[in-house]
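Student: Can you walk me through this structure and tell me how each label is earned?

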2 protein chains.
Amino acid sequence: MKARAHSDSAGRQALSVLTDRLRHGARKITGPRKAILEVLRSHSHPLTNKQVLAAMPTGQCDLATIYRAMHLLEKLGMVKRYDFADGKARFELVPQEGDSHHHHLVCMRCAHVVEIEECFSGAIERRIASRNGFKEVTHKLEFFGICPACQ
Amino acid sequence: MKARAHSDSAGRQALSVLTDRLRHGARKITGPRKAILEVLRSHSHPLTNKQVLAAMPTGQCDLATIYRAMHLLEKLGMVKRYDFADGKARFELVPQEGDSHHHHLVCMRCAHVVEIEECFSGAIERRIASRNGFKEVTHKLEFFGICPACQ
DNA sequence: ATCGCTGCAAAAATTTTGCAGGTAA
DNA sequence: TTACCTGCAAAATTTTTGCAGCGAT
């Protein structure tokens with residue numbers, strides 16, 4: 001298996017890589033931002049901004065700062081936004097370049113999330129783009145159902 | 001081509017069919033509800049509740065009523081909720097049974113929406129369901145890009 | 001020394017809820 | 001009649017913004 005440069009043993013991106021990406025975007029590396037990245041890094045599921053705050057040791061930063069940071073990280077392409085049909089935005093770290101993106105299977109009762117490895121062909125994406133004259137086409141695909149525990 | 005029972009020439013569901021579905025759910029057919037269904041019926045794109053209100057002739061009903069009606073219609077499976085990553089819920093009439101569902105291609109700049117006919121195989125959906133022990137699995141797939149006018 | 005970032009607080013926007021009266025069935 | 005619905009108003013959430021001071025570079 002090929003070694004994963006810049007990733008730890010669990011396949012997560014090292015914090016230094018993340019801060020480098022931030023710095024490269026001409027942004028400052030601050031305590032709150034590092035804390036936010038740490039939280040995102042240690043969770044493999046999309047989190048709401050409130051959950052990010054709650055996951056920090058004792059009010060390490062303000063909720064408004066998290067909102068601002070998420071906007072920034074989203075613009076820099078470091079974070080992806082998800083909507084699970086409950087009116088709350090959730091964010092998750094974008095895998096490093098070359099890594100395939102993944103999708104989610106969400107329980108409609110308890111909101112439990114399972115990650116789905118497979119992603120259907122990019123060919124469909126390209127065909128849709130050219131057929132409609134769109135550029136930079138991406139997609140979001142989420143599955144919803146009832147999980148074993150809730151059945 | 002096979003005739004479309006219960007649909008008008010544009011392929012939209014007749015209002016009477018919609019109200020029948022409501023009635024069948026042991027609900028009352030009221031002025032506001034008919035107005036809401038009329039608006040949904042005459043738009044082929046998902047609308048926010050505010051847009052639904054604005055599309056009515058002169059404040060025909062209260063915004064709160066629209067929120068309540070959407071919850072109801074969603075529960076009855078007559079309406080589907082969409083999240084286009086801007087924090088506002090949008091709703092669209094669900095096609096009649098047997099009709100294939102469709103997806104959307106949304107411009108990230110101007111929010112212009114194009115309907116996408118094709119839907120990738122339900123086989124993937126079934127495989128994901130059985131592999132994870134989930135029941136009643138559905139999916140939501142949206143494409144995002146930059147439309148011709150915004151490029 | 002900048003210029004950006006943060007915390008705090010207030011505001012804005014979206015969505016939910018309580019209640020008294022009205023209306024479909 | 002009776003249970004459900006509606007409008008109005010207030011409240012609860014989520015998200016955005018202004019501003020003075022702090023801090024990374």
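Here is a chat about the terms used for this model and what backs them up.

Student: Before we start, what kind of model is this?

Tutor: This is a predicted model.

Student: How do you know that chain A and chain B are related as by a two-fold rotation axis?

Tutor: Turn chain A by 180° with 0.0 Å of shift along the axis, and chain A lands on chain B with an RMSD of 0.0 Å. The two copies are therefore related as by a two-fold rotation axis. In chain A, the C-alpha nearest that axis belongs to Leu141(A), at 2.2 Å.

Student: What makes you say that the same surface serves both copies?

Tutor: Look at the contact residues of chain A: 100% of them recur in chain B.

Student: Which pattern does chain A follow along the sequence?

Tutor: The order is α-α-β-α-α-β-β-β-β-α-β, and the tally for chain A is 5 helices and 6 strands. Of its 151 residues, 40% count as buried.

Student: Why is Cys61(A) called buried?

Tutor: Buried means under 20% relative accessible area. Cys61(A) has 11% relative accessibility, so Cys61(A) counts as buried. You'll find Cys61(A) in the loop between α3 (49-54) and α4 of chain A.

Student: Which residues is Cys61(A) in contact with, leaving aside neighbours within four places in sequence?

Tutor: Pro32(A), Leu53(A), Met56(A) and Ile66(A). Here contact means heavy atoms within 4.5 Å.

Student: On to the DNA. What makes a residue count as near a strand?

Tutor: One of its heavy atoms has to lie within 4 Å of the strand. For DNA strand C, 21 residues surround the strand, and the closest are Thr30(A), Thr65(A), Lys50(B), Tyr67(B) and His71(B). Sugar and phosphate make up 72% of the atoms of DNA strand C that come within 4 Å of the protein.

Student: Which element gives the largest share of the surface near DNA strand C?

Tutor: That's α4(B), with 4 residues. Taken together, the residues of this surface are 7 nonpolar, 4 polar and 10 charged.

Student: How do you know that side chains make polar contacts with bases of DNA strand C?

Tutor: The cut-off for a pair of N or O atoms is 3.5 Å. In the side chain of Lys28(A), an N or O atom is 3.1 Å from a base oxygen of the strand, within that limit. Arg68(A) also qualifies, with a side-chain N or O atom 3.1 Å from a base oxygen. From chain B, a side-chain N or O atom of Lys28(B) sits 3.2 Å from a base nitrogen, which is within 3.5 Å too.

Student: Which residues come nearest to DNA strand D?

Tutor: Of the 21 residues around DNA strand D, the nearest are Lys50(A), Tyr67(A), His71(A), Thr30(B) and Thr65(B). Sugar and phosphate supply 68% of the atoms of DNA strand D within 4 Å of the protein.

Student: What makes Lys50(A) a polar contact of DNA strand D?

Tutor: A side-chain N or O atom of Lys50(A) is 2.5 Å from a phosphate oxygen of the strand, and the limit is 3.5 Å, so the pair counts. A polar side-chain atom of Thr65(B) passes as well, at 2.5 Å from a phosphate oxygen. With Asp62(B), a backbone N or O atom does the job, at 3.0 Å from a phosphate oxygen.

Student: And which element gives the most to the surface near DNA strand D?

Tutor: α4(A) does, with 4 residues.

Notes: Residues are numbered from 1 along each chain as its sequence is written. Chains are lettered from A and ligands numbered from 1 in the order in which they are written. This is a predicted model: local features need pLDDT of at least 70, side-chain atom pairs count only at pLDDT 80 or more; totals for chains, interfaces and linings use all residues. Side-chain values use heavy atoms; hydrogens and water are left out. Copies are superposed by least squares on the C-alpha atoms of residues with pLDDT of at least 70 in both. Helices (H or I, at least four residues) and strands (E, at least two) are DSSP runs, numbered from the N terminus. Buried means under 20% relative accessible area, exposed over 50%, partly exposed in between (1.4 Å probe, protein chains only). A polar contact is a pair of N or O atoms within 3.5 Å; within protein, one must be able to donate a hydrogen and the other to accept it, and residues adjacent in sequence count only if both atoms are side-chain atoms. Ala, Val, Leu, Ile, Met, Phe, Trp, Tyr, Cys and Pro count as nonpolar, Asp, Glu, Lys and Arg as charged, and the others, Gly among them, as polar.
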